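Biologist: I am new to this protein and would like to go through it with you step by step. Could we start with its overall layout and then turn to the details?

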Amino acid sequence: MTMHYELLATRILEHAATHFPNKEIVTRVGEDTHRYTYTDMFTRTSRLGNALRELGVGRGDRVGTFAWNNYRHLEAYFAPATIGAVTHTINIRLAPDDMVFIINHAGDKVLLIDPDLAPLIEAIADRLTSVQHFVILGEPDEMTTALPNAACYETLLAAASSEYSPADVDEYSTMGLCYTSATTGLPKGVAYSHRAVYIHSLTSAASDMIGVLERDRIMAIVPMFHANCWGFPYTATMFGASQIFPGVRPDPRVICEMIEREKVTVSAGVPTIWIGVLDYLQRSGVEYDLSSLRQVVSGGSAVPLSVWQAYRDRLGVEIVHAYGMTEATPLISVNRRRSWLDHLSDQERVELNASQGVVAPGIDMKLVDENGDALAWDGEQRGELWFRGPWLADEYIDDERSAETFIDGWYHSGDIATIDANGYIQIVDRVRDMVRSGGEWISSVDLESAIMAHPDVLEAAVIAVPHPRWQERPLACVVSRSEAADPLTKDTILDFIRPDFARWWLPDDVVFIDEIPKTSVGKFDKKVLRERFETHA
Ligand code: ADP
């Protein structure tokens, strides 16, 4: 037998403190930069754990974070785990009612709040039923909040012991909590065990997955409240990579400046981030040295091929396409080319990048029809993807909706896909985003991707609008580039994509809007568009 060794997230922290004591953690703080090491981070995390104990946080208690990507948030990713408690990352962009719902539903005992975000909590404070302490993530001179009895983070840390005395917990105990932003209905909570986070970190760091090296300088743009920041804070700590945090409201200029100045090697974010960066570079004409970047991880929604190509051809940067969800800690698959596909032509290799890639080792996957019967992996048959594995949730916490999604040990993703003979997943659409036209399904993702390949198109989202005869028909909502020479028209767009689609797939209309609304995690918000164009004829 092998040793009994619990897979705990705290081991990740201990390993970094022991083996990477001098590696750097960098945060943009306004015009300044805060730098410290894993040794500092470990000491402060130990102090935070003890400070939370002093505030009465015990095993299983929830500690909410309400913060940007910064070093204090990193400390809060680990400190509750050291005392057997749970970090609950709260989405700072939720509507107030949803914030109230998730904080009360999680039963957060303490909230750790970035100073500039405090007004958002002040506005809902009297509706919070479980919070006993508000802690402002700053120095004493940043304590301008009106929150009752708010404590200062740095004061608490200074007073707390730096002794590291981790709680004796079992690997299946919960250490993390995140609510999906749920585009319909109330948010749903997903709990993560120590074990899930540990195994997810090991797997996602593998070269054929995200690939994380000690020598990397990783800057995740994906917010720390979105699906565990895709695991980067844990994975980077486990392997001793330097972590770069972009701080408050990172816009494309900040992203480019940070990459250049901090020699970032890996960055990560949803496609709208990378579309925005590309647009900024084109419009501003500013030249940045981005040569340190070895890869950009993009996931959360499909990466349009045109964006992938622009990064490769204009910036010499590879976009690595990843797929996952809050329910999966979040990684499911990554697009890496299998060796036996090396013979593909250049064009075929490019096209392969539209795929969400191959499933991570450890995850079982099924493609099924509406009766739950398995479909062939032939790249043609479309069905729903089901998953199970060591870092997949088995329920939404305290939520009756669990029964619709977690069935007989499988997580039903609601994602419609094909899988080809090589195991490559191609997400066709989310079930709720597909356009049902005369009993047939049209993929909004395919149409969007094709429209976004037009050089004068900045963003495009395709939605279903009700139709008296066909039930639903596609409507394309398009944002043109400000510097486009000729104004775009419906015909330009339809003529551009016509060769690639059957006639009945073509959108009935194309509307030009100033901006595609985004969800709280930066994806195209089709719910808002559907409401706006519900009566569009
Ligand atoms: P939300 O539901 O708020 O968007 P998640 O990030 O958990 O929060 O959403 C996960 C979903 O996002 C997946 O089920 C899938 O529909 C979509 N998704 C994630 N990554 C990709 C990708 N690379 N390509 C296409 N869709 C993706």
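Modeller: Domain bounds here come from an automatic or database domain assignment, and the model they are applied to is a predicted one.

Biologist: Into which domains is the protein divided?

Modeller: With the bounds understood in that way, the chain can be read from its lower to its higher residue numbers. The protein is divided into domain 1 (35-191), domain 2 (251-430) and domain 3 (434-532).

Biologist: How many residues does the contact take from domain 2 and from domain 3?

Modeller: The C-alpha centres of domain 2 and domain 3 lie 21 Å apart. Counting residues whose heavy atoms come within 4.5 Å, the contact takes 18 residues from domain 2 and, from domain 3, 20 residues.

Biologist: What area do domain 2 and domain 3 bury between them?

Modeller: The size of an interface is often given as the accessible area lost when the parts come together. For domain 2 and domain 3, 54% of that area is on carbon and sulfur atoms, and the area buried between them is about 1,500 Å².

Biologist: Which residue forms a salt bridge with Arg481?

Modeller: Side chains of opposite charge can pair when their charged atoms come close. In the salt bridge of Arg481 the closest N and O atoms are 3.2 Å apart, and the partner is Asp279.

Biologist: Which element gives the largest share of the side of domain 2 that touches domain 3?

Modeller: Across the interface of domain 2 and domain 3, nine residue pairs are found in polar contact. On the side of domain 2 that touches domain 3, the elements giving two or more residues are helix 10 (271-284), helix 11 (305-315) and strand 21 (425-430). The largest share, five residues, comes from helix 10.

Biologist: How far is an oxygen atom of the ligand from an N or O atom in the side chain of Lys523?

Modeller: The ligand is surrounded by 15 residues, and the closest are Ser181, Thr326, Asp415, Arg430 and Lys523. A nitrogen atom of the ligand is 2.9 Å from an N or O atom in the side chain of His321, while for Arg430 an oxygen atom of the ligand is 2.8 Å from a side-chain N or O atom. For the side chain of Lys523, the distance from a ligand oxygen atom to an N or O atom is 2.7 Å.

Biologist: How many residues apart in sequence are the parts that Glu154 and Arg72 tie together?

Modeller: The whole structure holds 29 salt bridges, and one of them joins the side chains of Glu154 and Arg72 at 2.8 Å, N to O. Glu154 lies in helix 6 (residues 153-159) and Arg72 in helix 3 (residues 71-82), so the parts this pair ties together are separated in sequence by 82 residues.

Biologist: Where does Pro330 lie?

Modeller: The peptide bond from Thr329 to Pro330 is cis, with omega near 15°. Pro330 itself lies in the loop between strand 14 (318-324) and strand 15 (331-334).

Methods:
Residues numbered from 1 in each chain as written. Predicted model: local features only at pLDDT ≥ 70, side-chain atom pairs only at ≥ 80, totals over all residues. Heavy atoms only, no water. Buried area = accessible area lost by both parts, 1.4 Å probe. Salt bridge = Lys/Arg side-chain N within 4 Å of Asp/Glu carboxyl O. Polar contact = N/O pair within 3.5 Å; in protein donor to acceptor, adjacent residues only side chain to side chain. Helix = DSSP H or I, 4+ residues; strand = E, 2+ residues; numbered from the N terminus. Near = heavy atom within 4 Å.
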